[in-house]
Amino acid sequence: MNKYTLTGKEALGIEFGSTRIKAVLVDENNNPIASGGHTWENRLENGVWTYHIDDVWSGLQDAYSKLNDEVKDKFGSYIKNLSSIGFSAMMHGYLPFDENGNQLAEFRTWRNTITGDAASKLTALFNFNIPQRWSIAHIYQAVLNGEEHVKNIAFFTTLAGYVHWQLSGEKVLGIGEASGMFPIDSDINDYDKAMLNKFNELDEIKALPWNINDILPRVLLAGEPAGRLSEKGAALLDQSGNLKAGILMCPPEGDAGTGMVATNAVSQRTGNVSAGTSIFSMVVLEKQLSRVYEEIDMVTTPTGKPVAMVHCNNCCTDLDYWVNLFAQFSEASGGTLTKPQIYDLLYNEALKGDADCGGIVSYNYFSGEPVSHMDDGRPLFARTPNCSFNLANFFRAQIFSTMATLKIGMEILENEAVKIDCLTGHGGLFKTPIVGQRLMAGAMNSPVSVMETAGEGGAWGIAVLANYTAGNFGLSLEDYLNEKVFSKYKSTTVEPDAADVEGFEKYMKLYKAGLSVEKAACDNI
């Protein structure tokens, strides 16, 4: 049995990712001591990407149960008390409720590109980019669609906000998560009042019985208490009945905010790239951008600092399908390679390919990509007749496809002379040592670091925020992360290789030229 003894001062972080719900338990020094997970998947139903609410609770309970079993195996007893709990999830989306807490429409996730009319009108109204996946775009699109349920809305929130509300009774969000619902004014660390007023003055909104100010969650900063685990919440979370009610809860945050925390990228001139089902970069700005860009989302750190976010809906899904194909071939041929071994083999093979992939291009679009102005997606692989077609170039092109749309957005920040000292990578793309890191450094023409904590991801990040809330440290979040968390962890940094930079630029010329082919595929297949 492990020598560690549970003290009740541990913190719990749980994050609802696109394909996995992960729970991480940390000690009071933020060291991970146990984890549990649950695999789930979104569904495309009636043209809407969604998760069923029953799956939210069954998945949460399964992840917590597996964590709790590991705790019992390691330390001799189940979890009974904690210093704090934090919840995080995929940002954005739409979860509306009536005054009795009844869900009024299916959960519409970040992955949807069904709010183009609303997003365009709000961007013009606010002179501020409103992406299609933002919650305010979803609710306004529902209004424009004349959907019956909108007149009954008493509250709407995100997935993280919903889970937190059900477990604590508090209708709140951390400011980073809130910044994906409605624009934030970083001078007051709250929703932008002028934009709220403009929204309320829309004829379609004035005709409804609610005011936007009254149905949004309340905004909290990192470190502020966000309620306590209720009796109902404890029973929902821990079906074994061991967990006590009354545990402090930190503000629920989005996966962007927890990614910033998990990579120590909350200070100005820092940035991170999260690469999993989706891929997005977060760059903490020294000053606001010169104008509105529809490809760039303006969100905030968990303490309210302005952040330029380039969010792309598609990253590793198509690449994973190709890996599965090679795994099936290996099995059919009598091979004994495991799935992780096949991933590592193919990733390392990509380093042997031509810098520009030799005339091969791949589009990983399972869904639309607003950054490249695509309303829909079709995974597409293309090559020139005289290309250098081999395994190394093929898989290098798959990895490049995960980064290509991100590069389109990051070029805007380059043209704005945004300074980035270093990008920190985390997520599945960086699991194989060096490969994703090196190719990302070449693609972004920036040093890329990966920390030894990267494997813990956002669930660890929200656990750190939970500890920060419980600790009363008297430190800013930036100082807390630097002094109390990351001073003990190592990181590796890869500088961009000149050949990789040049090769990716050549690849991007072919990629951009072929976007019309991707559009034609969407229109005809």
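In this predicted model, strand E21 (residues 422-426) is largely enclosed by the rest of the structure, because five of its five residues are buried. The burial extends to both faces of the strand: Cys422, Thr424 and His426 are buried on one side, and Leu423 and Gly425 are buried on the other. Strand E21 has paired neighbours in strand E15 (residues 270-275) and in strand E22 (residues 448-451). With E15, the pairing is parallel and comprises five bridges; within it, Ser274 has His426 of E21 as its bridge partner. With E22, the strands again run parallel, joined by two bridges, and Thr424 is placed opposite Ser449 of E22. Strands E21 and E22 also belong, together with helix H14 (residues 435-444), to a right-handed β-α-β unit.

These strands form part of an open sheet of seven strands, arranged in the order E17-E18-E16-E15-E21-E22-E23 with mixed pairing. The edges are occupied by strand E17 (297-300) and strand E23 (491-494); each has a single partner strand, so one side of each lacks a neighbour in the sheet. On average, and with direction ignored, neighbouring strands of the sheet are turned by 25 degrees against each other. In general, the strands of a sheet pair through backbone hydrogen bonds, in either a parallel or an antiparallel manner.

Helices H10 and H13 both lie across strands of this sheet. Helix H10 lies across E15, strand E16 (279-284), E17, strand E18 (306-312), E21 and E22, and runs at about 65 degrees to E16. Helix H13 lies across E15, E16, E18 and E21, and its direction makes an angle of about 25 degrees with E16.

Each of these helices also packs against another helix. The packing of two helices is described by the angle between their axes and by the distance between the axes. For H10 (residues 255-262) and helix H15 (residues 457-471), the axes come within 8 Å and cross at roughly 80 degrees. H10 is therefore roughly perpendicular to H15. On the H10 side, the contact is made by Thr258, Val261 and Ala262, and on the H15 side by Gly457, Gly458, Trp460, Gly461, Ile462, Val464 and Leu465. Six of the residues in this contact are nonpolar, four are polar and none is charged.

For helix H11 (residues 317-332) and H13 (residues 391-415), the axes come within 9 Å and cross at roughly 150 degrees. H11 is therefore roughly antiparallel to H13. Here Asp318, Leu319, Trp322, Val323 and Phe326 of H11 meet Leu391, Phe394, Phe395, Gln398, Ile399 and Thr402 of H13. By class, the contact of H11 with H13 contains eight nonpolar residues, two polar residues and one charged residue.

Ile399 of H13 is also touched by Val435, a residue of helix H14. With a relative accessibility of 0%, Val435 counts as buried. Leaving aside residues up to four places away in sequence, Val435 touches Tyr347, Asn348 and Leu351 as well as Ile399. Val435 and Val163 are separated by 272 residues in sequence and by 36 Å in space, C-alpha to C-alpha.

Two loop residues were examined for their backbone conformation. Most residues other than glycine have a negative phi. Asn189, although not a glycine, has a positive phi of about 50 degrees. Asn189 is situated in the loop between strand E10 (184-185) and strand E11 (190-191), and with a relative accessible area of 24% the residue is partly exposed. Ala417, likewise not a glycine, has a positive phi of about 60 degrees. The loop that contains Ala417 lies between H13 and E21, and Ala417 is partly exposed, with a relative accessible area of 47%.

Methods. Residues numbered from 1 in each chain as written. Predicted model: local features only at pLDDT ≥ 70, side-chain atom pairs only at ≥ 80, totals over all residues. Heavy atoms only, no water. Axes fitted to C-alpha atoms, helices over the stretch in contact; angles between N-to-C directions. Helix = DSSP H or I, 4+ residues; strand = E, 2+ residues; numbered from the N terminus. Parallel < 35°, antiparallel > 145°, perpendicular 65-115°, else oblique. Contact = heavy atoms within 4.5 Å. Nonpolar A, V, L, I, M, F, W, Y, C, P; charged D, E, K, R; others polar. Buried < 20%, exposed > 50% of the residue type's maximum accessible area, 1.4 Å probe, protein only. Pairing = 2+ DSSP bridges. Right-handed = clockwise from strand over helix to strand, strands pointing away.
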